[in-house]
Amino acid sequence: MDSASVGKSVDMRQMANAIRFLSVDALVRAQDGHPGTPLGGADIVTGLFARQLKFSAAHPTWPDRDRFVHSAGHASMLLYSVLHLTGYEEMSIDQLKRFRVLGSITHGHPERRLSAGIETTTGPLGQGIGNAVGMAVAERILNARFGDALVDHATYAYLGDGCLMEGIAAEVIALAGHLRLGRLTFLWDDNRMTDDGPTDQAMSEDIRAIFAANQWHVQSVDGHDPVAVSTALDRAKADPRPSMIACRTVIGYGMPRIEDSRAAHGGTISAEDAQEARERLGWTAPPFVLPEPIRAAWLEAGQRGEAARAAWQARFNALREGERAEFVRVMAGNLPGNWMRELEALRASFRNDSAERAGTQSSGESLATLSGILPELVSGAPDLEAATKHKQNLRPFTREDRGGRYIHYGVREHAMGAMMNGMALHGGLQVVGATFLAFSDYMRHTIRMAALMGLPVRYFFSHDSIGLGKGGPTHQPVEHLASLRAIPNLLTLRPADAVEMTEAWQVAFARREGPSAIIGARQALPLLRREAGGENLTAKGAYILADAKGGARRATLLATGSEVAEALKARDLLQGRGVPTAVISMPCWEIFDAQSRDYREHVLGPDTVRVGVEAAVRLGWDRYIGPEGGFVGMSGFGASADHKDLYRHFGITPEAAMAAVLKRL
């Protein structure tokens, strides 16, 4: 079906009005939501969906579909309406009527649901455009591997002024231009209005000039002319640079009371407002009813990509069986059968040489092993390649080399997190990002969004405590472990040695239902697990590393990461004083909490004195040690000195752990 033929028999402005009034009717019914952007941006979305976007509503998970990211997620009814109109079965008229109702799929802000056409969860402004840049990177990496026959699509993002005000915008716009992501197009709804009022209250920069300076192709069009938008999209496709189309619109278009005012952003609208808009725009259909010619034109748009999908399917079917199986494997996120075996071999080699290794080193070696057997693994760091050691043998992804698997993000942690989410959302890649633990705060919202969406992204956060030493308190995290552990559906793993590190990577890559953060030390750590073979004990969350001797257990020392070695030394002191003491390594609290009650009680040791040892704040530890339990750790920020001096200065020593036990016996 010729894209230009869609909308020929029906005025495209009337097609846009169908979006407007489905959205208005849902907003009136809900008495909540954001009316201004669905009214103002309907023509933009019509120009894209009716004539340009490559998709098939009947096959929403087709791998080679174009990706559409609705970054201005507060205007969710704009997205829901066009998905209903184009024929996504799950986005029924009943769902539109149940906007913002518990149990519906029409949430206040879009939540990822591929079967309904929703590519990503948006709402926090700026996150969506970061996701879109990540999707565009994923498309090029997979195209370099599988070729145009299987991977050849575009990524579009609809965004507003708020997305561009967020700091992440500067990061991803710069990186997308630098990488020359020519399959990426931003559609900017330039309505010059925010919740507080006109944008000139807070901004005076030239947005078009900013994009142009970052090597983007820039156009300006009338955002209320769908044909002009479609024509601009044709020009964008012909340019090798990423494109930004500034679509000048009026927020709340067509609704007299709120048009071109701050009230349009998030104000409640009434049935009277809806009727006035109908009269202004000449829309005579009653609520939630569409004139048949307009409905038919939209359904035709939803089927327009079916020929391209069928041709793609024919090309896929013509491949050799092994090629088809490999493409299906990576797009499904499945790992090859030998991946676990290779890490187990690395774990055995760590035991055999018994050398001390920094967490950064053992993690880097683990990732190098994985990258050798997972061609879909993509790593990267924000200007910390040498410090985090997670580039290893990977060549960089550049504008010249799309087959590279290491992304130099520059000093842009926020961009890294959002782009990692976008790559995971796209499918086909196993994504890893590395930075210092103290800098994970720059990524916090992206981590939260990964957890909310259940994306299997993996972070490595290094330099995890005062153990980094002379860099001082700006780089010495003390509150970050507690902060990460507070995020639902995020695994936070802090390995104690190289053996636990390989096990942590096994856990992270086996996990499909959410993100994992592996925390590593800068300083060298002794090997603590020397036994041959055996199960992955890190996968239990916590386990008895050294049991009590000489009688029933009287004391339990619980520790994570680099402090496990200190706990073992404290155990030796206590055993020497006749106090049978066990040491529990607790690399992952979240996994441990999911174990059976019997296992947890066995590990924690009921009716024993418990002391936690961790070079971080106490917050969260009381669930294991109890309010009367002892804690050896940090109560404030660190200092600049050699790490051994700092451990003594802050009292994180075997002697302090022993004293905390003896005080409570």
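Hi everyone, let's start at His-153, which sits in the loop between helix 5, residues 127–146, and strand 2, residues 155–159. Keep in mind that what you see is a predicted model. Is His-153 buried or exposed? Its relative accessibility is 3%, so His-153 counts as buried. Setting aside residues up to four places away in sequence, His-153 touches a list of residues that includes Lys-54, Glu-139, Arg-183 and His-426. The run Pro-63, Asp-64, Arg-65, Asp-66 and Arg-67 is on that list too. One of these neighbours deserves a second look: the side chains of His-153 and His-426 are joined by a polar contact of 2.8 Å. For a sense of scale, take Arg-29, which is 124 residues from His-153 in sequence and 37 Å from it in space, C-alpha to C-alpha.

Now to the sheets. How are the strands ordered in the open sheet of five? The order is 1-2-3-7-6, and the pairing is parallel. At the edges stand strand 1, residues 67–70, and strand 6, residues 217–222. Each has a single partner strand, so one side of each is left without a neighbour in the sheet. From one strand to the next, the twist averages 15°.

Let's walk through part of that sheet. Strand 3, residues 184–190, pairs with strand 7, residues 243–248, in the parallel sense over six bridges. If you want a place to look, find Asp-189, which stands opposite Cys-247 in strand 7. Strand 7 also pairs with strand 6, again in the parallel sense and over six bridges. There, Ser-220 has Ala-246 of strand 7 as its bridge partner.

Strand 6 is a nice one to look at face by face. As a reminder, in a regular strand the side chains alternate between the two faces of the sheet. Which residues of strand 6 make up its covered face? They are His-217, Gln-219 and Val-221, while Val-218, Ser-220 and Asp-222 form the uncovered one. So that Ser-220 we just met in the pairing with strand 7 belongs to the uncovered face. Helix 9, residues 226–238, lies across strand 2, strand 3, strand 6 and strand 7, and runs at about 170° to strand 6.

On to the other sheet. Here six strands form an open sheet in the order 10-9-11-12-14-13, with parallel pairing. Its edges are strand 10, residues 406–408, and strand 13, residues 491–493; each has a single partner strand, so one side of each has no neighbour in the sheet. Neighbouring strands in this sheet are turned against each other by 20° on average, direction ignored. Within it, strand 11, residues 430–436, and strand 12, residues 458–462, pair in the parallel sense over five bridges. Val-432 is the residue to find here, standing opposite Arg-458 in strand 12.

Next, a helix pair. Two packed helices are described by the angle between their axes and the distance between the axes. Helix 15, residues 339–353, and helix 21, residues 498–510, pack at an angle of about 170°, and their axes are 8 Å apart. That angle makes helix 15 roughly antiparallel to helix 21. Who makes the contact? From helix 15 the residues include Trp-339, Leu-343, Phe-350 and Arg-351, and from helix 21 they include Val-499, Glu-503, Trp-505 and Phe-509. By class, this contact of helix 15 with helix 21 has ten nonpolar, two polar and four charged residues.

Let me finish with three single residues. Arg-329 is in helix 14, residues 321–332. With a relative accessible area of 12%, Arg-329 is buried. What does its side chain reach at 2.7 Å? The side chain of Arg-329 reaches the backbone oxygen of Asn-334. Leaving aside neighbours within four places in sequence, Arg-329 is in contact with Asn-334, Leu-335, Pro-336, Pro-375 and Glu-376.

The other two residues are about backbone angles. Gln-31 has a phi near 55°, a positive value in a residue other than glycine. Gln-31 lies in the loop between helix 1, residues 12–30, and helix 2, residues 36–51, and is partly exposed at a relative accessible area of 43%. Arg-100, not a glycine either, has a positive phi of about 65°. Its place is in the loop between helix 4, residues 93–97, and helix 5, and at 29% relative accessibility Arg-100 counts as partly exposed. Thanks, everyone!

Methods:
Residues are numbered from 1 along each chain as its sequence is written. This is a predicted model: local features need pLDDT of at least 70, side-chain atom pairs count only at pLDDT 80 or more; totals for chains, interfaces and linings use all residues. Side-chain values use heavy atoms; hydrogens and water are left out. Helices (H or I, at least four residues) and strands (E, at least two) are DSSP runs, numbered from the N terminus. Buried means under 20% relative accessible area, exposed over 50%, partly exposed in between (1.4 Å probe, protein chains only). Contact means heavy atoms within 4.5 Å. A polar contact is a pair of N or O atoms within 3.5 Å; within protein, one must be able to donate a hydrogen and the other to accept it, and residues adjacent in sequence count only if both atoms are side-chain atoms. Two strands pair if DSSP finds at least two bridges between them. Axes are lines fitted to C-alpha atoms, for helices over the stretch in contact, and angles run from 0 to 180 degrees between N-to-C directions. Angles under 35 degrees count as roughly parallel, over 145 as roughly antiparallel, 65 to 115 as roughly perpendicular and the rest as oblique. Ala, Val, Leu, Ile, Met, Phe, Trp, Tyr, Cys and Pro count as nonpolar, Asp, Glu, Lys and Arg as charged, and the others, Gly among them, as polar.
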